[in-house]
Amino acid sequence: MDDFRASYAKPLVVSRLLHISATACLTLALASCGSGNQPSNSTASTAPPGSTGSPPVGGTDYSVVAHWVCRPGADTVCTTGLDASIVNADGSTTALPFTPAADPAIDCFYIYPTVSQEQTQYADLTDSPEIQAETRAQAGRLSSRCRVFAPIYRQETSYGLNHPSGTQSDVPMLDVQAAWNYYLKNDNKGRGVVIIGHSQGTILLQNLIAGSIDGTPSQALLVSAFLAGDPSLGVPPGGVVGGTFAHIPTCSDAAQTGCVYVWGSYLAGDTSAPPVFGQARGDSLVSACVNPAAPAGGSAALKYYHANTKPPWVEALGQLSGVCRSDSSGANIFVVTVIPGMFATANTTALKAAEVAPGWGVHPQDIALVQGNILDVLDAEITTWQAHH
């Protein structure tokens with residue numbers, strides 16, 4: 001299993017910790033962060049700073065419904081508060097009410113990024129407001145296409161990443177593995193499943209896929225995986241499989257199933273530092289990048305969901321485009337371009353605010369930038385899945 005900290009180590013000496021607002025998070029050297037949709041009234045744990053926050057060794061018991069943010073029958077976070085307005089490049093708008101799927105054909109298994117505000121090394125199993133907000137923002141809309149399973153896990157917190165202890169623990173991975181095992185045994189029943197995560201969640205899911213899905217019978221259940229904000233998923237130069245995953249390829253068509261999307265987002269022209277996500281590797285492999293808006297390659301329009309006030313969500317159309325591109329450092333990154341027009345200044349300002357540190361790009365917005373495109377991919381994948389199952 002890859003070490004979480006090693007996966008996020010930058011090839012730079014870090015002399016200070018970076019203060020990052022609620023729209024970003026964590027340190028310059030280590031960490032991950034959410035989309036910035038955490039509620040303003042979230043409160044941190046009162047546990048003494050420096051305490052481990054680690055329950056006894058072993059995975060969490062996921063037969064307990066309270067250990068899930070969302071699962072069928074207990075999915076309010078993933079089915080409410082998601083109405084939106086479509087805002088086109090010319091300023092015209094259309095209401096977009098949200099309706100969960102009544103009987104979805106597939107499932108989605110989601111692991112959220114680093115969002116815990118607890119002042120401990122590892123989070124407890126509290127279904128906190130920040131976990132709920134991030135899960136709604138990144139995964140809630142998926143419930144229009146799939147049953148959403150989102151376990152609460154004892155993640156390494158922002159505090160823990162900023163204040164590393166002398167010992168390492170596999171607590172986060174133990175929980176993700178336990179949640180997956182419980183889902184397979186009790187809920188899956190042969191259904192296709194989409195795996196999706198961001199940042200710390202992506203690193204854990206990449207480990208899960210490599211160790212428990214790739215080349216195993218459960219690979220046959222994989223509809224696709226969306227690994228957003230990934231430091232590196234290795235593939236041979238010019239290839240799609242045979243690196244990090246021995247049997248699971250990267251995707252090249254929206255209707256393809258059994259494959260993986262991976263990307264790390266940077267604004268066009270960002271040369272602040274060598275990229276952390278999709279970074280250049282030191283072995284014979286290269287980092288993969290697959291654009292959810294154009295898996296076959298090339299540039300395409302992004303369907304960007306972001307929080308607003310009335311209604312709470314906006315789907316911005318015709319305002320941004322994205323393309324996977326190799327940079328001069330050898331990294332393979334998702335380059336986002338703001339399209340000139342009436343919203344260009346506002347979009348540029350919002351995305352620049354998400355540039356949490358040199359080399360990090362617009363990491364907090366990885367899923368939001370392509371959320372509508374992911375839904376389009378799921379529509380195509382579901383059609384393929386149903387035709388063969």
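## Strand β16 and its partners

In this predicted model, V336 of β16 is the bridge partner of G322. That contact belongs to the pairing of strand β15 (residues 320-326) with β16. The two strands run antiparallel and are joined by 7 bridges. Their hairpin has 5 residues between the strands. Within that hairpin, G330 takes a positive phi near 95°.

β16 also pairs with β10. Here the strands run parallel, with 3 bridges. V336 appears again in this pairing: L267 stands opposite V336. How enclosed is strand β16? Of its 7 residues (332-338), 6 are buried, so the strand is largely enclosed by the rest of the structure.

## Aromatic pairs across the chain

A pair of aromatic rings is described by two quantities, the distance of the centres and the angle of the planes. The model holds 10 aromatic pairs. One of them is Y112 with Y153. The ring centres lie 4.7 Å apart. The planes meet at 35°, and the pair is tilted. The cut-off for stacked is under 30 degrees, so an angle of 35° falls outside that class.

Where do the two tyrosines sit along the chain? Y112 is in the loop between β4 (106-111) and α2 (129-139). Y153 is in the loop between β5 (146-151) and α3 (158-162). The pair links distant parts of the chain, 41 residues apart. Y112 is buried, with a relative accessible area of 0%. Y153 is buried too, with a value of 1%.

F277 and W360 form another pair, with an edge-to-face geometry. The centres are 5.2 Å apart, with 80° between the planes. F277 lies in the loop between β10 (265-267) and β11 (286-287). W360 lies in the loop between α6 (344-353) and α7 (371-388). The pair therefore ties together parts that are 83 residues apart in sequence. Are these two residues buried or exposed? Both F277 and W360 are buried.

## An aromatic cluster and a charge over a ring

Which residues make up the aromatic cluster? Y62, W68, F109, F149, W180, Y182 and Y183 form one cluster. W68 has a further contact, this time with a charged side chain. R71 lies over the face of W68, at 5.2 Å from the ring centre.

Conventions: Residues numbered from 1 in each chain as written. Predicted model: local features only at pLDDT ≥ 70, side-chain atom pairs only at ≥ 80, totals over all residues. Heavy atoms only, no water. Phe/Tyr/Trp six-rings, centres within 6.5 Å; stacked < 30°, edge-to-face > 60°. Helix = DSSP H or I, 4+ residues; strand = E, 2+ residues; numbered from the N terminus. Buried < 20%, exposed > 50% of the residue type's maximum accessible area, 1.4 Å probe, protein only. Lys NZ or Arg CZ within 6 Å of the ring centre and 35° of its normal. Pairing = 2+ DSSP bridges.
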